[in-house]
Amino acid sequence: MKKKVSDKAHISDTPIDGLGLTASDFASAVLNNTSDAITAIDLKGEILFWNDGAATLSGYSAEEALGKHISMVYRKQDIPDLVERIKKAMQGEFFTNKELIMLDKDQKEHTFLLSLNGLND
């Protein structure tokens, strides 16, 4: 089943008691504050979203990563397969626990598990 960008989560903008945040602000904080790396990449390989977990694991801040090509953090030989998987995810396929190598800012290799879920218009 394809997920469309317009299929938004149903989140209340009612303030959450005691937090001073709306539910949508809280959801955004969860994405940004998880220790898991959560990123969004377009079909050209441009990094569109980079959370704090991605920054911690890679050593690149969001400011350094956003707008850059994924070759900054993935081995060159892995990029064709990754781009193909992104294209398939955009067509509705879901990938989970694909082992991949990520390069940190010092170019050290780290093995991690990749999950992909595409969004389309």
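The legends below describe close-up views of a predicted model.

Residues are numbered from 1 along each chain as its sequence is written. In this predicted model, local features need pLDDT of at least 70, side-chain atom pairs count only at pLDDT 80 or more, and totals for chains, interfaces and linings use all residues, while side-chain values use heavy atoms and leave out hydrogens and water.

**View 1. The whole chain, with 4 helices and 6 strands.**
Helices (H or I, at least four residues) and strands (E, at least two) are DSSP runs, numbered from the N terminus. Along the sequence these elements follow the pattern β-β-α-β-β-α-α-α-β-β. The chain has 121 residues, and 26% of them count as buried; buried means under 20% relative accessible area, exposed over 50%, and partly exposed in between (1.4 Å probe, protein chains only). About 8,000 Å² of surface is accessible in the chain, and carbon and sulfur atoms hold 54% of this area. Accessible areas come from the Shrake-Rupley method with a 1.4 Å probe, and for residues only the protein chains shown count as cover. Among contacts in the chain with a separation of 6 or more, 33% are between residues 24 or more positions apart. A contact means heavy atoms within 4.5 Å.

**View 2. The salt bridge between Lys105 and Glu64.**
Side chains of opposite charge can pair when their charged atoms come close. A salt bridge is a side-chain nitrogen of Lys or Arg within 4 Å of a carboxyl oxygen of Asp or Glu, and the model has 5 salt bridges by this rule. In the one shown here, the N to O distance between Lys105 and Glu64 is 2.6 Å. Lys105 sits in the loop between strand S5 (94-103) and strand S6 (109-117), and Glu64 sits in helix H3 (residues 62-65), so the pair ties together parts that are 41 residues apart in sequence. Lys105 is partly exposed at 40% relative accessible area, and Glu64 is partly exposed at 29%.

**View 3. A network of salt bridges that links Arg75, Asp78 and Glu109.**
Within this network, Glu109 and Arg75 form a salt bridge with an N to O distance of 3.9 Å. Glu109 belongs to strand S6 and Arg75 to the loop between H3 and helix H4 (79-90), so this pair ties together parts that are 34 residues apart in sequence. The relative accessible area of Glu109 is 48%, and this residue is partly exposed.

**View 4. The salt bridge between Lys98 and Asp81.**
The closest N and O atoms of Lys98 and Asp81 are 3.8 Å apart. This pair links distant parts of the chain, with Lys98 in strand S5 and Asp81 in helix H4, 17 residues apart. Both partners can be placed by their accessibility: Lys98 is partly exposed at 24%, and Asp81 is partly exposed at 33%.

**View 5. The largest nonpolar core, with 18 residues.**
A nonpolar core is a set of buried Ala, Val, Leu, Ile, Met, Phe, Trp, Tyr and Cys residues joined through side-chain atoms within 4.5 Å. The residues with the most contacts inside this core are Trp50, Val73, Tyr74 and Leu82. At least two core residues come from each of strand S4 (47-50), H4, S5 and S6. H4 gives the most, with 4 residues. Apart from neighbours within four places in sequence, Leu82 contacts Ile70, Tyr74, Leu100 and Leu114.

**View 6. The aromatic pair of Tyr74 and Phe112.**
Rings of Phe, Tyr and Trp (its six-membered ring) pair if their centres lie within 6.5 Å; planes under 30 degrees apart count as stacked, over 60 as edge-to-face and the rest as tilted. The count by this rule is 1 aromatic pair. Tyr74 and Phe112 are tilted, at 6.2 Å centre to centre with 35° between the planes. Tyr74 lies in the loop between H3 and H4 and Phe112 in strand S6, so the pair ties together parts that are 38 residues apart in sequence. Tyr74 is buried, at 7% relative accessible area, whereas Phe112 is partly exposed, at 21%.

**View 7. A nonpolar surface patch of Leu19, Phe26 and Val30.**
Patches are made of residues with over 30% relative accessible area and no salt bridge; like charges are joined within 9 Å, and nonpolar side chains (Val, Leu, Ile, Met, Phe, Trp, Tyr) within 5 Å. Together, Leu19, Phe26 and Val30 have about 270 Å² of accessible area. Phe26 is in helix H1 (residues 23-33) and is partly exposed at 40% relative accessibility.
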